[in-house]
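User: I'm new to this one. Could you walk me through how to read it?

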Amino acid sequence: MELREFNNQVHPTPDYPSPYGSQHSLRLRTVPAQETSAAQFDWASPPEDAEDSNEPRNLRELPLHMGLKRAVWQVQQMRTPVVSSSWNIKQSQTFRRFCEVAKYVLSYFVLWKRGIQMIGGHFGGGVQSYFLFLRFLVILNFLSSLLIAAFVLIPSIVFRSMNFNSTIPTVNLTGVEICLQYDPKPDTLMVFITYVLDLISGTGFMEYSYLFYGYYNNSMVESDGFSYNIPLAYLLTASFYFLFCFICMIIRMGGTSRVAVVTGGGATGGYSTLVFTGWDHGLQGDRTTNLKQSNFRNRLQVDLEEERLKKKAASLTLGQTVSLYALRVFLNIVVLILIGATFYGIAKATQFSQLKQKETTGFVALLLQYLPSMVITASNFVVPLLCDKIALLEKYSPSTTVILALLRAVFLRLVSLGVLLYTLWEQITCEGDIYKENCIPCNYYYNEYKCWETRVGQEMYKLTLFDFLITIATLILVEFPRRIVVDHCSCKLTQWVGRQEFLVAPNVLALVYSQTVVWTGAFFCPLLPFINTIKFILFYYCKKITLFQNCQPATRNFRSTTSNFFFLLVLVFGWMLATMVLLYSVTKIHPSYGCGPFRFYPTMWEVVPQATEMLNNTSAEFLFYIGSQKFSIPLFIFSCVLLCYVSALTSVHGKSVALLKSQCKLEQRDKQFLVRQIEELNATVQKEQREPQQPQRGTDTATRWNQHDNYAFTRDEDPRPY
Amino acid sequence: MGGTASKLPKELLSEYQELTFLTKQEILLAHKRFSELQGRENGPYGSRVSMEKILTLPELKSNPFRKRICHVFSTCDLGDGSLSFEDFLDLLSAFSDSATLEIKSHYAFRIFDFDDDGTLDARDLEKLVNCLTGETDDTRLTAEEMRQLLNNILEESDIDKDGTVNLSEFQHVISRSPDFVSSFKIVL
C-alpha cells in the first residue's frame, strides 16, 4: 500500500503544521483507556482499492482527513514524471477549473435558487419538489412565449403596421357570404364596469386584439425576395411549441426515472432505508426538528402497526375477506358515480352558459360566462374531499391510499376539462354533423360562433384567470384568517383543526391542470403562455408567503423522487389531451370565414400542402419521402427494436445486482468458515503448548476476530497489550 | 468579521479546492464563518474551535447527530470533538452538493457508529433510532416496538447474518435510496 511505503521512506519535513505526524504516532500509540474492550476501528487507513493514483479526481473521494489527503497528494506530485504527463495534468486541471468557474457563473442564472433552498431547509424535500416543479413550468412557459412572440406575434405586428399587400388566394366564395361577417369592434365609449368585465372575460375590446386568434391576418407577404407566410408560421409555431414542451418533459422525466428504476420503486427494504436515509440534515430550527422527529416516530409506529395488522389480516377468515372486497368494489362504484355526476353537471353548465350568454348583459352575463369554470373548480374541491373520506373506509395500506387518491384527482381534473371541451365541440360543430340546420352554409354554427376559435380561446383564458383568482382568494380569505384564528384563539376546536398543512399533491395537480388549460388554449390565444408565465411567477411568491406565514410542516412523509416522476407523467397526459384537441381542430373543423389566418382554407391543415407545392422539386420530394410509408415503417420497426434492447438491458442489470448480492453472502460465509478453521487451529496449538498465559491471549484474538469480520481490518497491526 | 481578520492565502485556497468538493466561494464563506466562531482571537487558521462553539452554528444547532458529526470529523487527539479549520472543511465537503455517494455513505456510517467499532450492532441501531425519534423519554418507541424494528432492520440489511451491519451492507442499503444524496446535505 503506497501510503505505508511513504511511511517507511525518509521524507522532508513539511512546512505546515502537519496533523499527519500526530496521526502517524497515533497508530502506534497504545489505545487510551476506554470503557469498551473492543478495538478501535482504524479509519485512518485508506481503502484497499485506491489504485490509480494518477487521477487527481480520486483525492477528493478518499474518506480521509485533510492532512492525510494532503500527504497522498504530495506523494502523487512527487511521483508524477516532470516531462511527459505534466502538460496533460495541467491541461486537465485548467479544464476542471474552467468548468467550476462556468458552473459558478451559470448558478447566478438559476431562478430563485436561494429561496427554494430555504424552503427545502424549513419544510423538507416534498414541499421543495413542488417549487422545483413550479420553476420548471415557469421556464417552459417563458421559453414558449418567446417562441410564439418571435415567429407569430412580431411578424404580425410588423406586417399590420406596414400595411403590406397580402396575396389572398382566390377561392370560390359563392354561397358563403353570410359567413364572412364578423365585426367585434366595440363602441368607443364604454362604461368603466363594462371595461372591467371585458378585461376579465376576454370580450369586447379584448376580443379583437393580439390576444386571440381572430385578430391575426392571413397575410402571405412577398417582397424583394423575402417571403413570410403567416398562416404557415402560425401552424408550424404551434406544432413546434408542443414538440418543444414534450421534449423538455421527457428530458426531465429521464433523470427522475433513471433513479426510480435503479432503486426499484423503493418499496422494499423499507425500515432500514427509512432509518439510515430518513433524516434530512438540511433542516434548521428546533421547531422543525421536533416536528420531523415526531413525524418519524409516527411513521415508524404506523408502519410497525401496519405490519402487525397485515400479519393479522393474513389470518382473516374467508367471510371477512369477501366482505372487505365487496365493500371496496361498492365504494369504487360510488366514486365512479360521483365523478360521473360531476361530468354531467359540467356538461349541463356549459350548455346553459353557451345558450344564455347572448341574452343577458352586465354582471349576470359575467356570472354565466364563468359558470363552467365555477362548476369545475367546485367539483375539484369537493370530490377529492369525499374521495378521501371514502378511502378511509376502504382500509388500504397508506401508500396505496395516497396513490389512489392522486389517480382519482387526476382523472377528475383532466376529464372534466375534456368534458368542457366536448360540450364546446358539440355546440360549434352541431355534434359533428355539418349537414344539420344550423351548420349548413359555413360548416360550423355560424349564428352563435361567428369566430369559433376566438370563443374557444376565450373559454381557456377565462379558465386560467379564474383559477388564478380562486387561488388568491383562498389565500386571502381562508389561509390567513385560519392562521390568525388558530394563533390567537386557544379553544379546543381551533387546536384540533390546527394550522394549514401544505399538501403537495393537490397543489401539484392544480399546476398540471392550469398547464393543460394553457396548452389547449395556446393555439387559439397565442398570448396565453405569456399570461401563464406571469401567473406562475405570482404563484411562486404567493405560495412562498403563505408557506412561511401560515403553514406547518407536513406530518405525513412524502417520497419525493417517485412522486416527481408521477407528476411529470400526469403532465404528459395533460399534454396528450391538448395535442388531441389541437390535431382535431386543425384537421377536422372548418376554420372561420370571417377571422383568423386560415380564413379561406377548407381546413387549417391545408396550408401545409399548399406551401409544399410552392417549394422546389427536391425539397418537395424529400418531404414526401419522409411522410411516405417507405420511410416511416422502417423507422417504427427500428424504434421498437431499440426499445426492446433498452428494456432487456435494464432487466439484465437487475439480475446482475441480485447475483452480486448472493455472491456477497457466499463470500462472508467463506470468511466465517476460515475463521472457524483458525479457531480450531488455535485450540490445537493451545492444547499442545499448555501454558497459562497464552490461552488468554489466544482467546482474545479469536474473540476479536469473531466480532469484526471487516474486510478492511488491518492485518499487520501489533495486537494491543491488553 | 473584524477589519483585521486573517485572509486565506491563495495557495492554500487552491489546495483546498483540489482536496475537497467545495467551490472557491464555499471555502471563503466557510473561512468567514469559522473566523466568526473563533471570536476575537485572530489565531492562525490551524487553531481549534471547541465543540460547544461549533454547535452554536444554526446549521448544526438542532441536528440530533451534531455531537457525533463533531467527533467523526475531529482530528484532535484528546477526542473532545473540537474542530480545526481543515476539519471544518472536511465536514462541509462531505455534506456538500457535489460530494459523491460513496463519501457520503462512508461518513454516514461513521456518524451512526456510536461506539466506533467499525460495525453497526444492535446498540448502535437503538441509539440511532432514539436520535431520530427524539431524545426525551416520552418520545421514544416502546421496548416492544424497538425490538420489532431492530429485528426488521437487521433482517433487511444484514446480508451475512452476523448480527451487525458493516460498511458494505450499509452502502448497499444506501444505494437503493434515491433521496439520500439530497438529504445528507448541509449548506452554509
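Analyst: Let's take the interface, then a surface patch.
This is a predicted model, where local features need pLDDT of at least 70, side-chain atom pairs count only at pLDDT 80 or more, and totals for chains, interfaces and linings use all residues. Residues are numbered from 1 along each chain as its sequence is written, chains are lettered from A and ligands numbered from 1 in the order in which they are written, and side-chain values use heavy atoms, leaving out hydrogens and water.

User: How much area is buried between chain B and chain A?

Analyst: The size of an interface is often given as the accessible area lost when the parts come together. Here, about 6700 Å² is buried (1.4 Å probe, summed over both parts), and carbon and sulfur atoms give 56% of that. In chain B, Glu18(B), Leu19(B) and Leu132(B) lose the most area to chain A, together 11% of what that side buries. The contact (heavy atoms within 4.5 Å) takes in 80 residues of chain B and 64 of chain A.

User: How many salt bridges are there between chain B and chain A?

Analyst: A salt bridge puts a side-chain nitrogen of Lys or Arg within 4 Å of a carboxyl oxygen of Asp or Glu. The count between these chains is 3. Lys69(A) and Asp90(B) also meet in a salt bridge, at 3.4 Å, N to O.

User: Is Leu106(A) buried or exposed?

Analyst: Buried means under 20% relative accessible area, exposed over 50%, and partly exposed in between (1.4 Å probe, protein chains only). Leu106(A) has 56%, so it counts as exposed.

Definitions and conventions. Buried area is the accessible area (1.4 Å probe) that two parts lose on being put together, summed over both.
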